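Q: I am a first-year student learning to read protein models. Please guide me gently through one part of this one.

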Amino acid sequence: MASDERRPRRLPDKVDRVIIDALARDARIGVTELAEMADISRATAYNRIKRLTDDGVIRGYSAVVDHARMGLGITALILVSGSQPDWRANREIISAYPEVEYCWYVAGSADIVLLVRLADTDQLRDLILTRLQSLPGVNSTQTLTVIDEVVHRPVVRPPQDD
């Protein structure tokens, strides 16, 4: 997808940012409360949410989960390097792995970066040695084990002058 296709028709303004920030804190907030926070009418708040969704700025709503309390105490970043022709085929395979929270194709010393959540090191070993390293074209992996999650923001936006 070209970057122009991902760009919203117009960038969010101050009112939009109030709505986005409130929804990021609590996606279950009511439209009436959002309208009060943004100092706009309920109908305007509803229309703004619809436009932000239609423009692809808001892509969905989700719960913030404590993975360790779900039995997923191991978090790791896995850097995967390999031959380029095989990445299209591997996209579908990697996307089906349930322990993969994020998968990024990147430029640099690695080709793919995975954020994975697993119950234990046995599952991590299986993922790396049995499944990832057996994919076509994978030459190497490097694993970074997370020891402390310091910041996790649901929304990151550029600083504004207003």
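Which does His-152 count as, buried or exposed? After that, please take a close look at the stretch of residues 12-73.

A: Happy to help! This is a predicted model, in which local features need pLDDT of at least 70 and side-chain atom pairs count only at pLDDT 80 or more, while totals for chains, interfaces and linings use all residues. Residues are numbered from 1 along each chain as its sequence is written, and side-chain values use heavy atoms, leaving out hydrogens and water.

His-152 counts as exposed, at 55% relative accessibility (buried means under 20% relative accessible area, exposed over 50%, and partly exposed in between, with a 1.4 Å probe and protein chains only). You will find His-152 in the segment after strand 4 (138-145). Here helices (H or I, at least four residues) and strands (E, at least two) are DSSP runs, numbered from the N terminus. His-152 is 32 residues from Asp-120 in sequence, and their C-alpha atoms are 22 Å apart in space.

Now for your stretch. An unreviewed UniProt entry annotates residues 12-73 as "domain: HTH asnC-type"; such annotations may be inferred rather than shown by experiment. Over these residues the chain is 53% helix and 0% strand, and 37 Å separates the end C-alpha atoms.

Start in helix 2 (residues 14-25), where Asp-16 lies. Asp-16 is buried, since its relative accessible area is 0%. Leaving aside residues up to four places away in sequence, Asp-16 touches Arg-10, Arg-48, Arg-51 and Leu-52 (contact means heavy atoms within 4.5 Å). With one of these, Arg-48, the side chain of Asp-16 makes a side-chain polar contact of 2.9 Å. A polar contact is a pair of N or O atoms within 3.5 Å; within protein, one must be able to donate a hydrogen and the other to accept it, and residues adjacent in sequence count only if both atoms are side-chain atoms.

That leads us to helix 4 (residues 42-54), which packs with helix 2 at about 80°, the axes being 11 Å apart (axes are lines fitted to C-alpha atoms over the stretch in contact, and angles run from 0 to 180 degrees between N-to-C directions). So helix 2 is roughly perpendicular to helix 4 (65 to 115 degrees; under 35 is roughly parallel, over 145 roughly antiparallel, and the rest oblique). Val-15, Asp-16, Ile-19, Ile-20 and Leu-23 of helix 2 meet Arg-48, Ile-49, Arg-51 and Leu-52 of helix 4. By class, this contact has six nonpolar, no polar and three charged residues (Ala, Val, Leu, Ile, Met, Phe, Trp, Tyr, Cys and Pro count as nonpolar, Asp, Glu, Lys and Arg as charged, and the others, Gly among them, as polar).

Helix 4 also packs with helix 3, at about 100° and with axes 8 Å apart. This makes helix 3 roughly perpendicular to helix 4. Val-31, Thr-32, Leu-34 and Ala-35 from helix 3 meet Arg-42, Ala-45, Tyr-46 and Ile-49 from helix 4. This contact has six nonpolar, one polar and one charged residues.

Finally, look at Asp-39, in the loop between helix 3 (31-38) and helix 4. At 71% relative accessibility, Asp-39 is exposed. Most residues other than glycine have a negative phi. Asp-39, though not a glycine, has a positive phi near 60°.
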